[in-house]
Amino acid sequence: MKHSTIRGAARLVGAAAFATLLAGSALAATPKDTLVVVWAFDDTITMDPAESFEISAGEFMGNSYDRLLRYDVNDPSKLIPDLAKSWTVSPDGKTFTFELRDGAKFASGNPVTSEDVAFSLQRAVILDKTPAFILTQFGLTKDNVKDKVKATGPLTVTLETDKSYAPSFVLNCMTANVAAILDKKLVMSKEQNGDLGYAWLKTNYAGSGPLKIREWRANEILAMERNDNYYGEKSKLARVIYRHVKEAATQRLLLEKGDADIARNLTPQDLDALKANKDIKETGTPKGTVYYISLNQKNPNLAKPEVREAMKWLVDYDAIGDTLIKNIGIVHQNFLPVGLLGASTEKPFKLDVDKAKGLLAKAGLPNGFKVTMDVRTVQPVQGIAEAVQQTAKRAGIDIEIIPGDGKQTLTKYRARTHDMYIGQWGADYWDPHTNADTFARNPDNSDDAKSKPLAWRNAWAIPELTKKADAAALERDTEKRKGMYEEMQAEFRQTSPFVLIYQMNEVAGYRANVENLKIGPTSDATYMFKVTKQ
């Protein structure tokens with residue numbers, strides 16, 4: 001951000017303390033009213049909810065922006081009111097009406113109205129950035145969105161869908177970051193050349209959430225402070241400061257010294273070592289996040305069905321489970337994480353080099369081949385990539401690892417110019433379609449496709465599987481819908497260019513004086529505004 005002067009810093013924590021925090025120098029302790037979190041968030045690209053689609057940015061949005069509803073972090077299958085105090089669905093299942101709570105205000109002091117809600121959803125569709133599909137999948141387009149999403153009263157908003165979807169599916173999508181509610185008056189005052197405030201909001205804030213974003217400097221700092229205009233219970237902390245620290249060992253050291261209150265990327269070895277420290281505690285939550293290796297089908301070798309299967313037999317899942325992801329994940333070979341409707345726990349693959357060699361010979365590649373893998377240089381991703389590099393070599397597949405930070409690897413991946421890629425996918429909302437839509441659905445495999453899910457990124461053309469995913473989204477009978485997802489996962493395991501490795505159990509280490517820290521099931525549900533310090 002432009003306003004990163006000492007004067008701005010002084011408003012956050014006091015100039016001296018702020019400068020010390022940024023420099024990483026030792027502090028006797030973090031300020032009592034300030035929470036300092038060390039985390040690798042080099043994937044963050046923007047502060048605009050209509051564009052933000054990265055894991056770490058999801059957490060920033062979840063703490064700073066309200067939406068119509070949220071899910072209960074203790075039971076994600078339950079929806080709870082946020083800016084909407086109530087909602088109804090028409091008998092034909094196509095019109096959703098939301099009644100807003102009265103008296104809510106944005107951080108600017110402007111009142112939250114139905115016009116703000118309609119504007120926010122319309123803007124996301126019109127800008128049509130990466131996460132817009134969460135809304136456009138309901139038939140919303142640039143041309144019709146102002147007719148389909150309307151303020152029908154000062155505190156009433158209606159949303160009209162093109163088909164009668166499972167109501168829980170539509171409502172869960174309203175909890176996603178792309179459905180965050182913006183301060184229309186503030187955003188439009190910053191508009192340039194009809195951009196709906198897009199240029200300004202990349203590095204600024206226009207929300208009503210419990211914390212407001214004060215400053216973001218890429219790969220360095222994200223600072224938030226209490227929003228005293230928040231409609232609900234106010235944050236006990238005056239501010240939350242995230243420091244970008246990539247190395248787990250450095251995070252552990254800062255936590256042990258008291259320079260940080262919470263560390264987010266600790267390795268299994270760090271966590272084991274910290275167990276003896278009475279000043280440090282741990283908390284963890286199984287996440288709606290899966291880690292995988294994907295194979296770009298534009299590469300002629302990787303496009304061979306036998307090669308896709310061979311790669312699944314060239315991962316030492318047990319060794320990875322016992323070492324690299326010990327305490328922070330469980331081996332999982334399906335695109336739906338456990339916890340979502342229909343998630344499978346089948347694990348048919350294990351390390352079998354001979355089987356892989358047989359498949360490679362059948363593919364006409366008995367001597368293997370050379371290929372590259374783009375890898376974000378954080379753990380455990382880097383360690384897993386190196387482990388797979390070693391086991392694949394035993395079958396003759398020579399993998400060259402291309403390291404990069406989160407933005408570099410993601411940008412290349414989204415342009416589908418990679419060979420292999422190792423990464424993670426976190427659920428955007430708590431419904432199985434969130435993952436089916438990206439792993440098992442690709443309505444248009446052309447380079448200029450409008451929808452660009454993970455299947456598209458890997459050039460995997462799947463018209464029949466896409467039809468099955470579409471049908472499951474429309475099924476209103478829960479048991480039937482569950483069976484449809486189980487069937488899709490079975491097909492996916494056998495044929496997909498995705499090697500699913502594990503489901504994340506996100507663990508954080510924190511100082512003993514920190515209370516009420518709970519890692520959320522999705523990236524936008526780790527609520528730092530609920531944390532307190534003694």
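A residue counts as buried when its relative accessible area is under 20%. Keep that cut-off in mind while you look at the whole of this predicted model: of the 534 residues in the protein chain, 58% are buried.

**Stop 1: the whole chain**

Start with everything selected and shown as a cartoon. You are looking at 20 helices and 19 strands. Turn the chain along its principal axes, and its C-alpha atoms fill a box of roughly 65 × 60 × 45 Å. How does the radius of gyration compare with that of a compact globule? A compact globule of 534 residues would come out near 24 Å, and this chain has 23 Å, so the two agree.

Now switch on a surface. About 20,100 Å² is exposed, and 49% of that comes from carbon and sulfur atoms. Contacts tell you something about the inside, too: among those with a separation of 6 or more, 71% are between residues 24 or more positions apart.

**Stop 2: an annotated span**

Select residues 78-445. An unreviewed UniProt entry lists this stretch as "domain: Solute-binding protein family". Colour the span on its own and you'll find it is 30% helix and 24% strand. Pick the C-alpha atoms at its two ends, and the distance between them is 35 Å.

**Stop 3: a buried aspartate**

Next, select aspartate 66, which is in the loop between helix H3 (55-64) and strand E2 (69-72). Is this residue buried or exposed? Its relative accessibility is 0%, so it counts as buried. Show the side chain of arginine 70 as well, and you can draw a polar contact of 3.3 Å between the two side chains. Leaving out residues up to four places away in sequence, aspartate 66 touches a whole set of others, including Asp82, Leu83, Ser208, Pro210, Tyr230 and Tyr231.

**Stop 4: salt bridges**

Side chains of opposite charge can pair when their charged atoms come close. How many salt bridges does the structure hold? There are 40, and here are a few to visit.

Begin with lysine 450 and aspartate 128, whose side chains meet in a salt bridge at 3.1 Å, N to O. This pair links distant parts of the chain, 322 residues apart. Lysine 450 sits in the loop between helix H17 (433-439) and helix H18 (454-457), while aspartate 128 is in the loop between helix H4 (114-127) and helix H5 (133-136). Lysine 450 has a relative accessible area of 62%, so it is exposed. Aspartate 128, at 29%, counts as partly exposed. While you're on aspartate 128, check its backbone: phi is near 55°, a positive value in a residue other than glycine.

Move on to arginine 416 and aspartate 447. Their side chains form a salt bridge of 2.7 Å, N to O. This pair also links distant parts of the chain, with their positions 31 residues apart: arginine 416 is in the loop between helix H16 (406-414) and strand E16 (420-426), and aspartate 447 is in the loop between H17 and H18. Which partner is buried, and which is exposed? Arginine 416 is buried, with a relative accessible area of 4%, whereas aspartate 447 is exposed at 51%. Arginine 416 has a positive phi as well, near 45°, and is not a glycine.

For a pair inside one helix, select lysine 482 and glutamate 486. The closest N and O atoms of this salt bridge are 3.1 Å apart. Both residues lie in helix H20 (residues 478-495), four residues apart, or about one turn of the helix. Lysine 482 is partly exposed, with a relative accessible area of 28%, and glutamate 486 is partly exposed at 34%.

To finish with charges, select Glu59, Arg264, Lys287 and Glu506 together. These four are linked in a network of salt bridges.

**Stop 5: a cis peptide bond**

For the last stop, zoom in on glutamine 379 and proline 380. What form does the peptide bond between them take? The bond is cis, with omega near 0°. Proline 380 lies in the loop between strand E14 (369-376) and helix H15 (381-393), so you can follow the cartoon out of E14 to find it.

How values were computed
Residues numbered from 1 in each chain as written. Predicted model: local features only at pLDDT ≥ 70, side-chain atom pairs only at ≥ 80, totals over all residues. Heavy atoms only, no water. Buried < 20%, exposed > 50% of the residue type's maximum accessible area, 1.4 Å probe, protein only. UniProt positions renumbered as here; feature names shortened; annotations may be inferred. Rg over C-alpha atoms; globule rule 2.2 N^0.38 Å. Contact = heavy atoms within 4.5 Å. Areas by Shrake-Rupley, 256 points an atom, 1.4 Å probe, with all protein chains shown as cover. Polar contact = N/O pair within 3.5 Å; in protein donor to acceptor, adjacent residues only side chain to side chain.
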